[in-house]
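Hi everyone, thanks for having me. I'd like to walk you through one structure today, slowly and from the inside out. Please have a look at it first.

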Amino acid sequence: MIDFSLTEEQKGMVDLARRFGKDRIRPVALEYDRDGTYPEEILKEAHKAGLMYTNIPREYGGSGMSHLEHYLVTEALNYECCAISQVIGISHLSMGAIQLGGTEDQQKKFIGDMTKSYRSGCFCLTEPHAGSDAGIMNTTASRKGDGYVINGSKCYITNGQYADLLCLFATVDKSKGTRGISCFAVPRSTPGITVGRIEDKMGHRAMNVAELFFDNVEIGRENLIGEEGQGFKLAMMALDRGRANITAVSTGIARRAFDESAAYARERVQFGQPIGNFQAIQFMLADMNTLVMASRALYLQVGWMLDNDIRCSKEAASAKCFASDAAMKVTTDAVQILAGSGYMKGAVVEKLMRDAKLTQIFEGTNQINRMVAGRALMSDSSGLF
Ligand SMILES: Cc1cc2nc3c(=O)[nH]c(=O)nc-3n(C[C@H](O)[C@H](O)[C@H](O)COP(=O)(O)OP(=O)(O)OC[C@H]3O[C@@H](n4cnc5c(N)ncnc54)[C@H](O)[C@@H]3O)c2cc1C
């Protein structure tokens, strides 16, 4: 049965996110974007409102939402500002591997501790020479006694400067390639972790992105998530969830760009009538709305698959590519419709266009996501229907 209706509880979740976004995020979004301000006060309030650890189970301090519910909330928050909202929702990716591979005790200890604060976590995979080819990472975890010593560095880590808990990928045996990579839960307070460069970015400017260094960071065996050598697989499984999340992020960005454009088209008068009367503008708006609808349908499908434990790597990768390309197109068209006033600094659509670009780059570039989907289709081209 196909049913797009939301339960009363789900409507309440979306309504809470919309109100929070409108009251708390919208008033500061442009200012924080201009200054690259870390949204500390907003995070504190999102934490109190139950919007931060949405799909972490209640017993570990989260709100216990399903994936699909988390994505609905994500679209609603990202409508207002994706930079601020992605820090609010960072635990969805950063804790994904720990949720997937950690024992009950590990989840209770690491995730349960983290959810007490608003600083949340971060996902540490990328290194300077290992971006798309993350499997060639150099960060090592050498066995010492019953534990490990971590040495190396990570770059472009979202929330890296502030996160309380690091989900870190490091190699225990480089000769084994991706099968030598393990996943570790590393509390920020562990001695030997330092923060390097803080990135100054084109978009997503209120989202903190940092370089991290690990210098003889000693951790115990209890910090190893899953088995030794299982880390890369856990990272890829967490990224399936993350890519569905970027689909919802992109939907929020595109919907806002559409709404800004439609409102402007109703008001802006040229040649004696609103520009929305011109078919050239109506066709652009119709296509923009179609892309928003299709992007939303894709995250609903992948969210449903995740909630029903149906393997969805190719669907998540395809959804991420589609929705992020859609967000780039819709925001570019929005600037076209607002024309001069949309191109100027301080215009909402100018920010949206810069913000949209990142959705095509992180959590696997769209080239890599097309590879993921394409390879999977070569071995299994079956779909849901
Ligand atoms: C703002 C921001 C936040 C980020 N947050 C995080 C984070 O929290 N955690 C984390 O671990 N990482 C994070 N990243 C890293 C991000 O995932 C990488 O930037 C991304 O995976 C691409 O790696 P790269 O930038 O090194 O590009 P490269 O891998 O060097 O790619 C360069 C170009 O080559 C293309 N390319 C590479 N290989 C192939 C191929 N086989 N076939 C076709 N084309 C190819 C790419 O698509 C791209 O166009 C973040 C990045 C940014 C910009």
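**Starting from one asparagine**

Let's begin at N159, which sits in the loop that runs between strand β3 (147-158) and strand β4 (165-171). One thing to keep in mind as we go: this is a predicted model.

Is N159 buried or exposed? N159 is buried, because 24 other C-beta atoms lie within 10 Å, and the cut-off for buried is 20 or more. So who are its neighbours? If we leave aside residues within four places in sequence, N159 is in contact with V87, I90, S120, C122 and N208. Take also Q86: it is 73 residues away from N159 in sequence, yet the C-alpha to C-alpha distance between the two is 9.4 Å.

Contacts like these bring us to the whole chain. Among its contacts between residues at least 6 apart in sequence, 75% join residues at least 24 apart.

**The whole chain**

Let's zoom out. The chain has 12 helices and 10 strands. Its C-alpha atoms fill a box of roughly 80 × 45 × 40 Å, taken along the principal axes. What radius of gyration would a compact globule with 385 residues have? The expected value is near 21 Å, and the chain has 21 Å, so the two agree. As for burial, 49% of the 385 residues count as buried.

The domain assignment splits the chain into three: domain 1 covers 8-114, domain 2 covers 121-228, and domain 3 covers 233-379. Let me stay with the last two for a moment. Between the C-alpha centres of domain 2 and domain 3 there are 30 Å. Where these domains touch, nine residues of domain 2 are in contact with eight residues of domain 3. On the domain 2 side of that contact, five residues are nonpolar, four are polar and none is charged.

**Around the ligand**

Now, where does the ligand lie? It lies between domain 2 (121-228) and domain 3 (233-379), because both domains give residues to the shell around it. There are 21 residues around the ligand, and those that come nearest are L125, G131, S132, T365 and Q367. If you'd like to find the shell by its elements, look at β1 (121-124), β3 and α12 (366-379), since each of these supplies at least two residues. You'll remember β3 as the strand just before the loop of N159. In terms of class, the shell is made up of 11 nonpolar, eight polar and two charged residues.

**A helix with two sides**

Next, please turn to helix α2, residues 40-49. Here I42, L43 and A46 are buried. These three cover an arc of only 100° around the axis, which means that they are on the same side of α2. What do we find on the other side of α2? There, E40, E41 and K48 are exposed. The buried residues of α2 are covered by elements that include α1 (8-35) and α4 (82-88). And just after the helix comes G50, with a positive phi of about 80°.

**Two backbone angles to look at**

That phi value leads to my next stop. As a rule, most residues other than glycine have a negative phi. Two residues here go the other way. One is H204, whose phi is near 50°, a positive value in a residue that is not glycine. The other is A339, which also isn't a glycine and has a positive phi of about 50°.

Their surroundings are worth a look as well. H204 is in the loop between β6 (193-198) and β7 (209-219), and it is buried, with 27 other C-beta atoms within 10 Å. A339, in turn, has its place in helix α10, residues 313-343, and counts as exposed, because 12 other C-beta atoms lie within 10 Å and the cut-off for exposed is 12 or fewer.

**One last glycine**

I'll finish with G203, which lies in the loop between β6 and β7. G203 counts as buried, with 20 C-beta neighbours inside 10 Å. Which residues does G203 touch, beyond those within four places in sequence? Its contacts are R354, D355, K357 and L358. A163, on the other hand, is 40 residues from G203 in sequence and 21 Å from it in space, C-alpha to C-alpha.

That's my tour, so please go ahead with your questions!

Technical notes:
Residues numbered from 1 in each chain as written. Predicted model: local features only at pLDDT ≥ 70, side-chain atom pairs only at ≥ 80, totals over all residues. Domains from an automatic or database assignment. Contact = placed C-beta atoms within 7 Å. Nonpolar A, V, L, I, M, F, W, Y, C, P; charged D, E, K, R; others polar. Helix = DSSP H or I, 4+ residues; strand = E, 2+ residues; numbered from the N terminus. Near = placed C-beta within 6 Å. Arc of directions from axis to C-beta. Rg over C-alpha atoms; globule rule 2.2 N^0.38 Å.
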